[in-house]
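The report that follows goes through a two-chain model, from the overall build to a single loop residue. Please read it with the sequence and the coordinates at hand.

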Amino acid sequence: MMNGGGGSPAIAVHDLRVIRGGRAVIPGLTLSVPRGQVVGLLGPNGCGKTTLMRCVMGVQKIAGGTVEVLGRPAGSKPLRDRVGYVTQASSVYTDLSVAENLSYFAAVLKIPRRKVDAEVARVMGLVDLTDWAGWRVGALSGGQESRVTLGAALLGTPEMLVLDEPTVGLDPVLRRDLWDLFRTLSSQGVTLLVSSHVMDEAGRCDRLLLMREGVMLADDTPAGVLAATGAPDVEAAFLSLVDRAAEQAERPSGESAEVG
Amino acid sequence: MNPRLTMATASRVMRQVRHDHRTIVLLIVVPCVLLGLLAWIFNNTPVFDALGAPLLGVFPFVVMFLVTSVTTLRERQSGTLERLLTLPLAKADLIAGYAIAFGALAALQALIATGFSLWVLGLNVAGPAWLLVLVAVVDAVLGSTLGLFVSAFATSEFQAVQFMPAFVLPQFLLCGLLIPRDELPDVLRVISDFLPLSYAVDAMRTITVQSSATGEVAGDVLIVLAFALGAIALGAATLRRRTP
């Protein structure tokens, strides 16, 4: 596997095992994500994307293995103002205004007091909510609410962003704008791990992780995934990889089912 | 722990409450109405003077228990807690922030309820009014910290509300309001010794009948505060960065 950028990879997962409700949700995963890229984590609902992201953020109990982020153990103290996190749930206070939410999270990130207002204004501009600053989040549309959530993760310019389905339920224009924002951030050196179950977002990523039932079916560039499978689009490539993995699983224990 | 983060959290919680006008009105008006009702029912009897002060301690306890358990449950469920725990916020900052915010709210409630009882309803107590307010605030803080702790065991707001009768009513029955604690059956009296509300009510009773028993009241208040600190420690233990 190639690691772009110098130093340690953005994310280094080694032999990660996660058991939830007696089931091995991630049975043993090794993975490396280079810095400064937009990495798409794609797979069907329930395949373990959220669990993997929670491991990267250090909020998931794990049964074994290691997860390192920016060269440090996932979730450790030095990472807490360097990695922005957007969960699927909106994770902002719906009874506070947009500006109040962002100001609070800015304070929690220990952004110097005199810089908080400017930082909040900057982020509201990034997620296009400047005109809604005084609005209660609960009174906004779903798309606007998810942009508040994203804005909170952008405060303080983190080195890495972990975004769990940030574009779900957004209209096409908004989705395009967000992906443009992700590209801009990545051009500034930010690493983005973005999950989606919509395969057509794959083309916008530098690198793809195709996941199914806790196993990586592919870890390659979009072009590489297409070339390796001969499929016309990522959705077809995913399906062909699923079939291939099923065939390998049927064979008596010979080669490993991992596809690099 | 960082004072700025604690205060930022406290002011955030207060802002949330401030946006919710109906809750504020309920917090302030309901205790006054209930005390007024009590005074009216026991008009021309000594009962209101005997029960008024202890109830001034019980109401903030009950109300703050409910408000805090629902608010923190919401925080746990909305994903904001998970986000906060990935940020440079210590658990102690979060809990202390909650305790300060609800403590301030409780102080407001206690001031108004006490003033209303003393000057509108004509409650007679031997001790000083400020001591009534102080004990009421400490009771409210106790309610907040217990609410924060039990919210960890609720998975829905329905359950959180049900914890109120489960945790609070037994304490209410045994705290000495219905019959004095030393007249309780032995087993129940021993149990009541281990319940914080007993000490809250003891303190209020002392203030009711004695004009200069500040030391005795201070002892009870310290016990209530110790229970509150214990609940904070237990509450902090239920806030886990890593969850299954």
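## Overall build of chain A

Chain A holds seven helices and 10 strands in what is a predicted model. Its radius of gyration is 19 Å, close to the 18 Å that the globule rule gives for 260 residues, so chain A is as compact as a globular protein of that length. Measured out along its principal axes, the C-alpha trace of chain A spans about 65 × 40 × 35 Å.

Of the 260 residues of chain A, 44% count as buried. When contacts in chain A between residues at least 6 apart in sequence are considered, 67% of them join residues at least 24 apart.

## The six-stranded sheet

In chain A, six strands make up an open sheet with mixed pairing, and their order is E6-E7-E8-E3-E9-E10. Strand E6 (83-86) and strand E10 (215-220) of chain A stand at the edges; each has a single partner strand, so one side of each is left without a neighbour in the sheet. On average, and with direction ignored, neighbouring strands of this sheet are turned by 15° against each other.

At one of these edges, E6(A) is joined by four bridges to strand E7 (residues 160-164) of chain A, and the two run parallel. Within this pairing, A:Tyr85 has A:Val162 in E7(A) as its bridge partner. Helix H1 (residues 49-57) of chain A packs on the sheet, where it touches strand E3 (38-42), E6, E7, strand E8 (191-196) and strand E9 (207-212) of chain A, and the direction of H1 makes about 150° with that of E7(A). Helix H6 (residues 222-229) of chain A, in turn, lies across E9 and E10 of chain A and runs at about 110° to E10(A).

## The hairpin of E1 and E2

Strand E1 (residues 11-20) and strand E2 (residues 23-33) of chain A run antiparallel and are joined by seven bridges, with A:Leu16 having A:Leu29 in E2(A) as its bridge partner. The two strands form a hairpin with two residues between them, and A:Gly21 in the turn has a positive phi of about 55°.

## A loop residue, A:Glu201

Is A:Glu201 buried or exposed, given its place in the loop between E8 and E9 of chain A? With 19 other C-beta atoms within 10 Å, A:Glu201 is partly exposed, because a residue counts as buried if 20 or more such atoms lie within that distance.

If residues up to four places away in sequence are not counted, A:Glu201 touches A:Gly40, A:Thr167 and A:Ser196. A:Thr50, by comparison, lies 151 residues from A:Glu201 in sequence and 17 Å from it in space, C-alpha to C-alpha.

## The contact between the chains

Between the two chains, 25 residues of chain A are in contact with 23 residues of chain B. Helix H2 (residues 98-108) of chain A provides the largest share of the side of chain A that touches chain B, namely four residues. By class, that side of chain A has 11 nonpolar, six polar and eight charged residues.

## Confidence

The model scores ipTM 0.85 and pTM 0.87. For chain B, the mean pLDDT is 89, and 100% of its residues reach 70 or more. As a general caution, predicted coordinates should not be read in detail where pLDDT is low.

Definitions and conventions. Residues numbered from 1 in each chain as written. Chains lettered and ligands numbered in written order. Predicted model: local features only at pLDDT ≥ 70, side-chain atom pairs only at ≥ 80, totals over all residues. Pairing = 2+ DSSP bridges. Axes fitted to C-alpha atoms, helices over the stretch in contact; angles between N-to-C directions. Contact = placed C-beta atoms within 7 Å. pLDDT = per-residue confidence, 0-100. Nonpolar A, V, L, I, M, F, W, Y, C, P; charged D, E, K, R; others polar. Rg over C-alpha atoms; globule rule 2.2 N^0.38 Å. Buried ≥ 20, exposed ≤ 12 C-beta atoms within 10 Å, placed from the backbone.
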